[in-house]
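I opened my notebook to look for the empty spaces in this model, and then to check a few helix pairs and one database record. Here are my entries, in the order I made them.

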Amino acid sequence: MSRRELNKASTRQSITDSTLALLRQHGPGNFTVEDIAEAAGISRRTFFNYFSSTEAAIASVTNGFLDSALELFRQRPADEPILESARAALVGLADPMTVAPLAELFGLTQGNPLMARSELEAWDHCTEQIVAAARERSPRTKQGPGTEQDTGTEQNSGAEQEELYVRALAGSVVSCGKAAMDVWFRRCGPDLSPGSLAILRQLLIDSMGLLGSGFAGPAPVPPSNESSAKPSTRNAERS
């Protein structure tokens, strides 16, 4: 990266860090662009060179994590199944602290409709990026279905089926990621300890496993010896 690109990346990160700090202190909707600019040591105009609103700056935390996952996804072998590449990308984010900003933001923005919409837009953006990355692996989906290059009916049908597969899989991957976040927050709340973050990481990986198994469902839990003995005890008492 050039010095100019490094400076831009540094400024962007400074804005994101300042936004997250203000979010911790005041909560969503309780600070302004001017507050962020002052905390980051930049002008209001400079802020708008990077983000369109405070919500966009907050969502950049989610986008940063998802962009890292997408970069790992693109580095996977071109002939690897898309689902396996997605799972490997999550495993590649091995350090639980990598998911800490994402987890913290998720907790801080719960119950805020405006932030929920921004988060949804970030995940939707990720879906489109997964679709784009998956298309790069298939000659037929690079152009998309119905293009001038797809002149035959069978060729059109094949491209459409691949497009459907890619979009359905991308949407499912993102939905599994969001489901893992929901389950983690219900279980751990705002806890950002290494143990809690390790649970989140494992839930993200497990969600990919569910998708890979076709959502076969969890195995039934066998009754414990204590519970299985209770009916016999009750029967004995009745007799």
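**Entry 1: cavities.** I am working from a predicted model, and I began by counting enclosed spaces. With the cut-off set at 30 Å³ or more, I get one cavity. The volume I noted for the largest cavity is about 250 Å³.

Next I asked myself which residues lie nearest the centre of the largest cavity. I found Ala69, Leu90, Cys126, Ile130 and Val173 there, out of a lining of 18 residues.

Then I went through the helices behind that lining. At least two lining residues come from each of α4 (54-74), α5 (82-92), α7 (113-135), α9 (153-188) and α10 (194-212). Which helix gives the most? I wrote down α4, with five residues.

I also sorted the lining of the largest cavity by class: 17 residues are nonpolar, one is polar, and no charged residue turns up.

**Entry 2: the largest pocket.** I moved on to the open spaces. The largest pocket holds about 270 Å³. Its lining has 14 residues, and I listed Gln13, Thr16, Ser60, Val61 and Gly64 as the closest to its centre.

For the helices here, I see α1, α4 and α6 each supplying at least two lining residues. The top contributor is α1, which gives six.

How does the lining of the largest pocket divide by class? I have six nonpolar, six polar and two charged residues. I put that beside my note on the largest cavity, where the lining has no charged residue.

**Entry 3: the second largest pocket.** For this one I noted about 230 Å³ of space. I could write its lining out in full: Phe106, Thr109, Gln110, Met115, Ala116, Glu119, Leu120, Trp123, Lys178, Met181 and Asp182.

Two helices, α7 and α9, each bring at least two residues to the lining of the second largest pocket. I credit α7 with the most, at five. I had already met both helices in the lining of the largest cavity, where each supplies at least two residues.

By class, I split the lining of the second largest pocket into six nonpolar, two polar and three charged residues.

**Entry 4: how α1 packs.** Since α1 gives the most to the largest pocket's lining, I looked up its helix partners. As a reminder to myself, a packed pair of helices is described by the angle between the two axes and the distance between them.

My first pair was α1 (residues 3-26) with α2 (residues 33-40): the angle is about 120° and the axes are 9 Å apart. Angles over 145 degrees would count as roughly antiparallel and 65 to 115 as roughly perpendicular, so I filed α1 and α2 as oblique to each other. Their crossing is right-handed.

My second pair was α1 with α6 (residues 100-108). Here the axes cross at roughly 40° and come within 11 Å. Roughly parallel would need an angle under 35 degrees, and therefore α1 and α6 also go down as oblique. The crossing of α1 with α6 is left-handed.

**Entry 5: the record.** Last, I checked UniProt. Its unreviewed entry lists residues 32-51 as "DNA-binding region". What does the chain look like over that stretch? I get 75% helix and 0% strand, and the C-alpha atoms at the two ends are 13 Å apart.

Note on methods. Residues are numbered from 1 along each chain as its sequence is written. This is a predicted model: local features need pLDDT of at least 70, side-chain atom pairs count only at pLDDT 80 or more; totals for chains, interfaces and linings use all residues. Side-chain values use heavy atoms; hydrogens and water are left out. UniProt positions are given in the numbering used here, feature names are shortened, and annotations may be inferred rather than shown by experiment. Helices (H or I, at least four residues) and strands (E, at least two) are DSSP runs, numbered from the N terminus. On a 1 Å grid over the protein atoms alone, a cavity is a set of points where a 1.4 Å probe fits but cannot get out, and a pocket is an open set with protein on both sides within 12 Å along at least five of seven lines; lining residues have an atom within 4 Å of a point. Grid points are joined across faces, edges and corners, and a volume is the space filled by probe spheres set on the points. Ala, Val, Leu, Ile, Met, Phe, Trp, Tyr, Cys and Pro count as nonpolar, Asp, Glu, Lys and Arg as charged, and the others, Gly among them, as polar. Axes are lines fitted to C-alpha atoms, for helices over the stretch in contact, and angles run from 0 to 180 degrees between N-to-C directions. A crossing is left-handed if the near helix is turned anticlockwise from the far one by less than a right angle, and right-handed if clockwise.
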